[in-house]
Amino acid sequence: MAKEEKFFRIGFNQILSEEMGKYFELTPLALDPDLKRKEEKGAVIESQYLGCTKTSGIRMGEMDFSGSMVVHFGSVPPGKGYNFPILGFTFVYASKFLIGVLDLHPLSRDTEYMNRYIEPLKDIPPKYAGIPFAEGGRRETHDWAKFYDSGYSFYRWCDGKYLPDLEVAFKDYIEVYCVCIKRAEPLTDQRAIANRDSYMEKYTEDYTYKDPGSAPLQHHFGEEWSERFLKGFLFAT
């Protein structure tokens, strides 16, 4: 059984491309070859960068630890002049152990914004409340990340047998996100633009230096490369 699990592959990045591709034309964007694929110390990381209307690009990565653990992660921020939410996700699979972290991070908390972009998420988390938490796993996001929580985030450490449920949940969030993009209009108010830019700057800094995913990147590929990857690509705005 353990041998079969070693070759198990998750497909969340493919799901994102396929689901968003149903709504928008996605186009490959140029990415530094050194960021696109790197292999060091038994780990391989490969990334994709796709253009999508109104966004600043779909950024996805897969990190494979010699087949013992596979991580899919990504960020889709709004393009310059837009303030719809950021789609952020991380999925980890290791020896039947599955972690899913998923949310649409709101750039504003005013009532109109939350009703427009975030409230459509409210019916999604209850659909998956029956997925049991794995014993000993975290049950909520880290304290620093709560600033970015929509109130309807998906956070689960669970048995790998719930993979199909996490895939459906991911599709649910993507569907809402695509509607956000379709509904989004360019900002015209200078104060709103300034607030948007300030938020995005804080988002890049916090996720570059506080996200727990930076630790394995630094261990395998070095601190300098890790910072360039996170700040210059994955969490760039």
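Which residues does Tyr-113 touch, not counting residues up to four places away in sequence? The legends below take up this question first and then turn to other parts of the model, which is predicted.

**Figure 1. Surroundings of Tyr-113 in helix α4 of the predicted model.** Tyr-113 touches Asn-83, Phe-84, Pro-85, Pro-106, Leu-107, Ser-108 and Ile-118, when residues up to four places away in sequence are not counted. With a relative accessible area of 5%, Tyr-113 is buried, because the limit for that class is under 20%. Asn-83, one of the residues touched, lies 30 residues from Tyr-113 along the chain, and the C-alpha atoms of the two are separated by 9.4 Å.

**Figure 2. The second largest pocket.** The volume of this pocket is about 350 Å³. Its lining is formed by 13 residues, and those nearest the centre are Asn-83, Asp-110, Tyr-113, Leu-187 and Ala-192. Two elements, α4 (111-118) and α6, give two or more residues to this lining. The greatest contribution is that of α4, with 4 residues. By class, the lining of the second largest pocket holds 5 nonpolar, 3 polar and 5 charged residues.

**Figure 3. Glu-112, a further residue of helix α4.** Is Glu-112 buried or exposed? Its relative accessibility is 63%, so Glu-112 counts as exposed, the class for values over 50%. By contrast, Tyr-113 in helix α4 is buried. From Glu-112 to Gly-88 the distance is 22 Å, C-alpha to C-alpha, with their positions 24 residues apart in sequence.

**Figure 4. The largest pocket and its lining.** About 830 Å³ of space lies in this pocket. It is lined by 38 residues, of which Thr-90, Val-101, Asp-211, Pro-212 and Gly-213 are the closest to its centre. Strands and helices both take part: β5 (70-76), β6 (86-94), β7 (97-105) and β8 (154-159), together with α6 (190-209), α7 (214-221) and α8 (223-234), each supply at least two residues of the lining. Strand β7 provides the largest share, 5 residues. The lining of the largest pocket has 24 nonpolar, 10 polar and 4 charged residues. Helix α6 appears in the lining of the largest pocket and also in that of the second largest pocket.

**Figure 5. The largest nonpolar core, with Met-63 and its contacts.** This core has 73 residues, and those with the most contacts inside it are Leu-16, Met-20, Met-63, Phe-170 and Phe-229. Helix α5 (residues 163-183) gives the most to the core, with 11 residues. In soluble globular proteins, nonpolar side chains tend to be buried together. Which residues are in contact with Met-63, leaving aside its neighbours within four places in sequence? They are Ala-43, Val-44, Ile-45, Met-69, Val-70, Val-71, Phe-73, Pro-216, Leu-217, His-220 and Phe-221.

**Figure 6. Arg-37 in strand β2 (residues 37-40).** Leaving aside its neighbours within four places in sequence, Arg-37 is in contact with Val-44, Ile-45 and Glu-46. Two of these residues, Val-44 and Ile-45, are also in contact with Met-63. Arg-37 has a relative accessible area of 43% and is therefore partly exposed, as this value falls between 20% and 50%. Arg-37 and Ser-47 are 10 residues apart in sequence, and their C-alpha atoms are 6.4 Å apart in space.

**Figure 7. Loop residues Lys-41 and Lys-54, each with a positive phi.** Lys-41 is found in the loop between β2 and β3 (43-51). Although Lys-41 is not a glycine, its phi is positive, at about 50 degrees. Lys-41 counts as exposed because its relative accessibility is 59%. Lys-54 is found in the loop between β3 and β4 (58-64), and its phi is near 70 degrees. Lys-54 has 24% relative accessibility and so counts as partly exposed.

**Figure 8. Confidence along the chain and the stretch of residues 1-7.** The mean pLDDT of the chain is 93, and 97% of its residues reach 70 or more. Over residues 1-7, however, the pLDDT is below 50. Beyond near neighbours in sequence, this stretch has 5 contacts in the model. Where pLDDT is low, the predicted coordinates should not be read in detail.

Definitions and conventions: Residues numbered from 1 in each chain as written. Predicted model: local features only at pLDDT ≥ 70, side-chain atom pairs only at ≥ 80, totals over all residues. Heavy atoms only, no water. pLDDT = per-residue confidence, 0-100. Contact = heavy atoms within 4.5 Å. 1 Å grid on protein atoms, 1.4 Å probe; cavity = no way out; pocket = protein on both sides within 12 Å on 5 of 7 lines; lining within 4 Å. Points joined across faces, edges and corners; volume = space filled by probe spheres on them. Nonpolar A, V, L, I, M, F, W, Y, C, P; charged D, E, K, R; others polar. Buried < 20%, exposed > 50% of the residue type's maximum accessible area, 1.4 Å probe, protein only. Core = buried A, V, L, I, M, F, W, Y, C linked by side-chain atoms within 4.5 Å.
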